[in-house]
Every structure is written in C-alpha cells, then in structure tokens.
Amino acid sequence: MAASIKDVLPSTCSVVIPSKDSVLKELLPRRWMQQTSSSLPASIITPSTEEEIIEVVKYASANSLRVLPAGGGCSAYVVVNGKTIYLDMQNFKDVTVDTTKHVVTVGGGVRWAEIIGKVVEKGYYTAWTHFSSTGVVGSSFGGGLNSFIGMIGYSCDQIHSARVITAKGDVLTLSHESTGQEKALFNMLRGGGVGLVIVTSLTLRLHKISSLDIEEGGKAVDYTAMFPPPAFEYAAELYAKLTPITDKRFSVGCAIMNAPPGMPISGPVMMISANFIGTLEASKAPLEPLLSEETKSKALFVMPKTTELARMTEQADGRFRNGNADMDAYNAMMTRIPASTVRAVVQRWIQFNEESPALAAKSTLVMAGFSNAGPQAADPERETGFCHRERRFLGQVIWTGMTDDEIRLVGPFSEEILAIFRKEDDAHGVPKTVFPNNMRAGTDMTQMYSTAAKMEAVHEVKQYWDPEGVFWNPAVNGWK
C-alpha cells in the first residue's frame, strides 16, 4: 500500500489527511449529514483535472477505499467514514449556455445558484431545485423537485448528456444516443444514479421563458397564507380542496411550525403556499379556494406577490445559508393526502410541541403537492432510474440546529409522522417510497428502487461498471 495518496498526485492537487484530533464538522462545514452516521474520512482531495481524478480512482481501487464525489454537499444521507476518499469537486465550475442547442453544460462542482442567473439572462429556464445551494449533479441524479415540475418534469428529466469517469478510470460521454451498457448507465443516472460514476460535467436541456405565459418582467406568482390554531381545521380542508393538482402550472405546500420571527403571532401556525407559473389573472381560477373571502377571514394574512424567475429560490435559500451539518430530515412520497391526514399530522405535532417545546421549535412539517403531468410525459417508457412518477405528494419532517443526541431523540416522532403521511396509501396497498434526494442514512432502498425490476437493474449496472465497489451505492453496498 502506498504510504499516502499524496505520493500519486501532483503537488498542485489539494490533499487533506485528517488527524485523530480533527473535527468532522470543521473539515466539511457545508456537508449535510446526520453526524451519528459519519466519521472522519481517509482523506479530502480537491482535484482540478480529470487526470487527477483518474489517479484518485486507481488509488482507491488498489487500496480498498471508496471515492465519494461531492458537488454541493447537500445529500443528507451520505455516509462518510475512514474508508472514504472525499472528492471535493469545487474546482469544476465551468458554466456554458448554448443558445443554439438550447442546453447548459456545467462542471461537476457547480451549484444551482451559479447557473440560474446565467440561464435566465439568456432567456431560458430549466428545472432548478427549490434550494439553489444544492449541487446540480447530485440533485439531478436524485430526482430534483422544482417549481416547473408539472410542465417539464424533474431535474433528472432535463439531463441531455454527462461526461463521466468510471471505476476503471475510463472517460465517457453518455447521452440518449448511447447504446448497450452505456445507455443502461445513462438511464440509471437519471434519478437513480448515486454511486455509479464520477461526473465531471453535465449538460441539461433548457426551455424558453418566452413559452411561459407569465407576468411582465419574467415573473411567476406566489401566494402565502398563514393560519392561527383556531383556523387549523379550516386550513386542513383548504389544502385538501387545492389538491390533487390538475393544473400543471401550479404547486402547493402546507407547513406546520412555530411562527418565525416577525410574524403577527408566536407559537404554532400553519402556512399554505402556492406557486403558479403564470399570470396573476390566470392563477385566480385554480387558486379560488385560497383567494376566497372565507379564507381571508380565517387567515392572519393571504399575501400575493410576483417573483422574477431568477429569484425564485431566495426565500428557501435563507434557511440554508450557513451550512447544515446539524440538520436531519425524513420524507415519504404519497399518491394522496386527504384532509384527515393533514388534521392528524397537525394534532400530533401540537401534542409534540406541548411535550417537547425546545425540540418542536427546531422542526418543520411539510406536505407538498404538485402535478405529475410533467414527470409522466418526461419518461413514458419508464427508462430512467426514478421510480415514483405517479406520486403527487411529498411529506417531510425537517429538523435544523440539531445536536447528535437530539437527532436520536426525534427519531420515533419523525417515524410516527411518516406513518400518518402514509396511512391512506397503506390502506390502498400502495408501496412505501421515499424521494431519493431527501432520504436518510439507513433507508430501506426498496423504497427508492421501488420495483423488483428497477432494483435488479441498479445491481446489474453497478456490477458491470463498478464490480469492486470503488464508488458507494447504498442499495448495493449497504449503509457502511
């Protein structure tokens, strides 16, 4: 075994070997992870060229290590440990907008925040995720929820091609034109692609903003309504009236939390937010229940606004600006969320808030609904690695500012909320699923690759392209 990976890399390549006194959160301050699942990596390497990456891959293969490429560092389920070479892709930052081919090509370390403005400036949009701090590659390979989902599908559906490095050190360009095993790999990357290759660049389809009937100045429409506890029953019924969503321009979320600073009241509140990719006038019909006089009389406020497409992520980004090594999240994808489910979730959270107010203050329960027209149309043959195109709802339990002990304490409550989310689907025999981007360490991977055929496919792709396990895929390699 080589004395150090530094022996095989040029001196210009940054290599950090942690000492026994190193602190994981200080080494990887932006890494989203549950600390109870991770420990110090074998090394942290920041390459600048594909040649350096190839040498890292060869070293890992020869020394029974695993290479973990990190773009945005926002996959909270990722397990880092002493067998991990943490490959920081921050030097792969090129962004090229091609207005002739209507695509954008980004380096493997690019975050959505680094391309949104450049794309919009050229008159285009694509399926950027709700949080612009996430990496383009990782979020796209894990699905990629976005405000345009009803029209163009998930982020993974925008992937046009990918330049990758395999476990053997080969450099390939994969695309829809690929054939054989390369086509199988390309398909799996789109929504099921964790731990199969290293991506040095990704090319995504672009869509013309001029094709959208939106407000002047390239603005979409947002509504936010906040409800006090006496109106929670009404808010639950309201959310049920707004869903399931049939208008592909529309998505809606319901959140239960303690009121953030600056709100009209303190303590528990429910918030219903609606996003409409259209004009204020066109939004009035699908959002009529939200805009009714009765709703306005029950809510603390119903606030409409228009937002430039390039600034759509700003509000969500504010919550995740300083890194999130102390966060945790649970999620479930469902086919239905009736009013009874919303009521049960609210009642259980209020009880938890009374029992453990300090922990409840760190929680947000979210139910998101969206049209599945775009996802269904984007992959009619079900070729991609993403398995849950019929699901119209995502339920999440999100925790921020957590200590390791607190993360363990809230586990039972979080699982209880997931069970409530899934109650109706369970009653109809619908299999349990998770959204890949937001899954937790230890997840039963049949909930990601939810059909036997898709699970078999990922094992076949992994066996062909990475039989020695140089990269980490939890469905094949487990959670260690």
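The questions and answers below go through a helix and a sheet of this predicted model.

User: What should be known about the model and its numbering?
Analyst: Residues are numbered from 1 along each chain as its sequence is written. The model is predicted, with local features needing pLDDT of at least 70 and side-chain atom pairs counting only at pLDDT 80 or more, while totals for chains, interfaces and linings use all residues, and side-chain values use heavy atoms, with hydrogens and water left out.

User: How do you know that the length of helix α6 agrees with its number of residues?
Analyst: The expected span of a helix is 1.5 Å times one less than its number of residues, so the 13 residues of α6 (residues 180–192) should span 18 Å, and the end C-alpha atoms are indeed 18 Å apart.

User: Which residues of α6 are called buried, and what do they pack against?
Analyst: Buried means under 20% relative accessible area, with a 1.4 Å probe and protein chains only, and among the residues of α6 that meet this are L185, F186 and M188. The buried residues of α6 pack against α4, β8, β9 and α18, where contact means heavy atoms within 4.5 Å.

User: Why do β15 and β16 count as the edges of the open sheet?
Analyst: Two strands pair if DSSP finds at least two bridges between them, and the 7 strands follow the order β15-β12-β14-β13-β17-β18-β16 with antiparallel pairing. β15 (301–308) and β16 (328–334) each have a single partner strand, so one side of each is left without a neighbour in the sheet.

User: What makes β13 and β14 a pair?
Analyst: The strands β13 (residues 250–258) and β14 (residues 268–276) run antiparallel and are joined by 9 bridges, against the at least two that pairing asks for.

Technical notes
Helices (H or I, at least four residues) and strands (E, at least two) are DSSP runs, numbered from the N terminus. Buried means under 20% relative accessible area, exposed over 50%, partly exposed in between (1.4 Å probe, protein chains only).
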